[in-house]
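Student: I've got one residue I keep coming back to, and I'd like a close look at it. Could you walk me through that spot and then what's around it?

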Amino acid sequence: MSVWLPAAPCLPERCATPAQPAAPPTRAALRLAAGCAAVAAGLVLAPLTAPLRPAARHRLTRLWCRAVVRAFGVRVRVTGAPPPPGPLLVVANHVSWLDIPLVAAVLPGRMVAKREVRHWPLLGPLAALGGTLFLDRDRLRALPGAVRDLARTLAAGHRVVVFPEGSTWCGRAQGAFRPAAFQAALDAGAPVQPVRITYRPVGPAAFVGDDPLAASLWRVARAGRLTAEIRLLDPVPHGAHPDRRALARAAGAAVAAAGSPAAGAPAARRAAARPAAGVGAAQTAVASDSAKRPRSSVHHRDSASPAAASSAAIPS
């Protein structure tokens, strides 16, 4: 493993806990079959949407992603005002593979994912058809070119969705937002849309460490009352922060504040608007959909607030 890649302290055997109460096995099997069928239907129908205008494709994408999430038995709650049309860098904390259809159901755009996702069954071909920007995380020298690709995509008027932690966390804590993708927003003159993703109960949706995808799918299907909340925070306008590191810290602080049990919308707005003090250590990894690099867990508690020890474990 490359020393510069992000790492999270979450482990599946400690963090990805089953829900209590759990759904009966028969219902879970039906949910799993329905979810896989919904994904497969999108894979078959995606090429037919190519001639459509972007607005029509986005509407169909939202409907399909909502169908996928609901097929797995996940209830969705959306709070906050949607941003206006136009180029936008959407940045969110990263907990699960569920984050991808969840965000796309509200803010469809071109996802940024690690190269390995292209080879996942069902989800990989679908991601490729959806215009996902795949990153080779093992080649640090490819990072500037990846940032240029993101900037060109934003400059063309598209929405780009990034998970800047670069690794999935279980939801009890949050990693630091890495700044590389934020440079693309600065270069393209695009605003940044922070998004907070929260799952209740904490645990069933977590896809961390070396957790197999099949096990995670079954755990979500077995969850009795799994609710996903996606909170749209106030966008950070272009020019509000002087450089990518300050912009990354401001967006990360807004997302972290929104996840605090005592936090409300005003606190999140203050965090998004507050310039960060100091430059801090250089961070070079662009966001990917999931690094899933395990370390010894240090935050196995049900608090949703970030743990300083967990964030400090990520190499700069």
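Here's my question: is Arg172 buried or exposed, and what is its relative accessible area?

Tutor: Keep in mind as we go that this is a predicted model. Arg172 is buried: its relative accessible area is 6%, and the cut-off for calling a residue buried is under 20%. You'll find Arg172 in the loop that runs between β5 and α7. Its side chain reaches the backbone oxygen of Cys15, at a distance of 3.2 Å. Look also for Ser260: 88 residues separate it from Arg172 in sequence, yet the two C-alpha atoms are 9.9 Å apart in space.

Now follow the loop back to β5, residues 159-162. Both faces of this strand are covered, with Arg159 and Val161 buried on one side and Val160 and Val162 buried on the other. That fits a general pattern: side chains in a regular strand alternate between the two faces of the sheet.

What does β5 pair with? With β3 (residues 110-114), the pairing is parallel and runs over 2 bridges. Arg110 stands opposite Val160 there, and Met111 is set opposite Val161. With β2, the pairing is again in the parallel sense, this time over 4 bridges. Val160 turns up here too, as the bridge partner of Leu89.

Zoom out a little and you get an open sheet of 7 strands, in the order β1-β7-β6-β2-β5-β3-β4, with mixed pairing. The strands at the edges are β1 (75-79) and β4 (133-135); each has a single partner strand, so one side of each is left without a neighbour in the sheet. On average, neighbouring strands are turned by 25 degrees against each other, ignoring direction.

The other end of your loop leads to α7, residues 180-188. This helix packs on the sheet and touches β2 (88-92), β5 and β6 (192-200), with its direction at about 160 degrees to that of β2. While you're at β6, have a look at Gln193, which lies in that strand. Gln193 also counts as buried, at 0% relative accessibility. Leaving aside residues up to four places away in sequence, Gln193 touches a set that includes Leu88, Leu89, Val90 and Val91, along with Pro83 and Leu232.

One more element to look at is α9, residues 244-259. Of its 16 residues, 13 are buried, so the helix is largely enclosed by the rest of the structure. Its length checks out as well: at 1.5 Å a residue it should span 22 Å, and the end C-alpha atoms are 23 Å apart, which agrees. At the N-terminal end, Asp243 acts as a cap, with a side-chain oxygen 3.1 Å from the backbone nitrogen of Arg245.

Finally, the whole chain, as a backdrop for your arginine. There are 11 helices and 7 strands, and 52% of the 316 residues count as buried. Take the contacts between residues at least 6 apart in sequence: 83% of them join residues at least 24 apart. The chain exposes about 13,400 Å², of which carbon and sulfur atoms supply 60%.

Definitions and conventions: Residues numbered from 1 in each chain as written. Predicted model: local features only at pLDDT ≥ 70, side-chain atom pairs only at ≥ 80, totals over all residues. Heavy atoms only, no water. Pairing = 2+ DSSP bridges. Axes fitted to C-alpha atoms, helices over the stretch in contact; angles between N-to-C directions. Contact = heavy atoms within 4.5 Å. Buried < 20%, exposed > 50% of the residue type's maximum accessible area, 1.4 Å probe, protein only. Areas by Shrake-Rupley, 256 points an atom, 1.4 Å probe, with all protein chains shown as cover. Expected span 1.5 Å × (residues − 1). Polar contact = N/O pair within 3.5 Å; in protein donor to acceptor, adjacent residues only side chain to side chain.
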